[in-house]
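Open the model in your viewer and keep the selection panel handy. We will go stop by stop.

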Amino acid sequence: MRFDRIGMAFAASILVGGSAAPAFAQSLYDGQWQVTIVTNSGSCEPQASSTLTVADGKISAAGANVSGSIGREGLVKVSINGAYANGQLNGNSGSGKWNGASAGIPCSGRWQASRL
């Protein structure tokens with residue numbers, strides 16, 4: 001799978017975490033976020049960016065099949081289309097690491113996010 005096809009969906013997913021907030025409660029991380037993914041190793045696209053929306057602790061973005069939510073303490077833990085990311089949000093920014101594959105060849109790197 002080419003990174004440029006999943007880049008947007010993966011960028012959308014990196015803010016999603018494993019600890020779900022209640023559906024009726026606002027999350028400290030609700031709002032719009034700019035996410036940038038950088039590849040450090042492998043043949044995936046060198047960089048991809050996307051603007052995401054987090055509502056009630058859940059992420060959404062057009063065309064993204066995302067699973068999970070942001071934990072109350074900002075812990076990020078995500079999987080999407082065979083790519084995985086983890087890291088931490090704190091206030092209006094966050095960062096972490098990701099790994100996946102492009103055409104079956106492993107790729108990995110880092111991500112950064114900032115609230116818009």
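In what order do the seven strands of the open sheet lie? Bear in mind that you are looking at a predicted model. Switch to cartoon view and read across: the order is 3-2-1-7-6-5-4, and the pairing is antiparallel. Now find the two edges. They are strand 3 (58-60) and strand 4, each of which pairs on one side only. Look at the twist as well. On average, neighbouring strands in this sheet are turned by 25 degrees against each other, direction ignored. For orientation, strands of a sheet pair through backbone hydrogen bonds, either parallel or antiparallel.

**Stop 1: the strand 3 edge**

Select strand 2 and strand 3. They run antiparallel and are joined by three bridges. Show Val54 and Ile59: Val54 stands opposite Ile59, which lies in strand 3.

**Stop 2: the strand 4 edge**

Move to the other edge and select strand 4 with strand 5. Six bridges pair these two strands in the antiparallel sense. Show Val78, then Ala85 in strand 5, which stands opposite.

Next, turn on the side chains of strand 4. Which of them are buried? Val76, Val78 and Ile80 are, and they point to one face. Leu75, Lys77 and Ser79 point to the other face and are not buried. The side chains alternate along the strand.

**Stop 3: the nonpolar core**

Select Trp33, Leu89, Trp98, Trp111 and Ala113. These have the most contacts inside the largest nonpolar core, a set of 17 residues. Then colour the elements that give two or more residues to this core: strand 1 (31-41), strand 2 (47-55), strand 4 (75-80), strand 5 (83-90) and strand 7 (105-115).

**Stop 4: the disulfide**

How many disulfides does a search of the whole structure find? It finds one. Select Cys44 and Cys107 and show them as sticks. The disulfide joins these two residues, with 2.1 Å from S to S. Trace the chain between them: Cys44 sits in the loop between strand 1 and strand 2, Cys107 sits in strand 7, and the pair links distant parts of the chain, 63 residues apart. Look along the S-S bond too. The link of Cys44 and Cys107 is right-handed, with 100 degrees about that bond.

Finally, add a surface. Are the two cysteines buried or exposed? Cys44 counts as buried because its relative accessible area is 7%, under the 20% cut-off. Cys107 is buried too, with a relative accessible area of 2%.

Technical notes:
Residues numbered from 1 in each chain as written. Predicted model: local features only at pLDDT ≥ 70, side-chain atom pairs only at ≥ 80, totals over all residues. Heavy atoms only, no water. Core = buried A, V, L, I, M, F, W, Y, C linked by side-chain atoms within 4.5 Å. Buried < 20%, exposed > 50% of the residue type's maximum accessible area, 1.4 Å probe, protein only. Helix = DSSP H or I, 4+ residues; strand = E, 2+ residues; numbered from the N terminus. Disulfide = S-S within 2.5 Å. Pairing = 2+ DSSP bridges. Axes fitted to C-alpha atoms, helices over the stretch in contact; angles between N-to-C directions.
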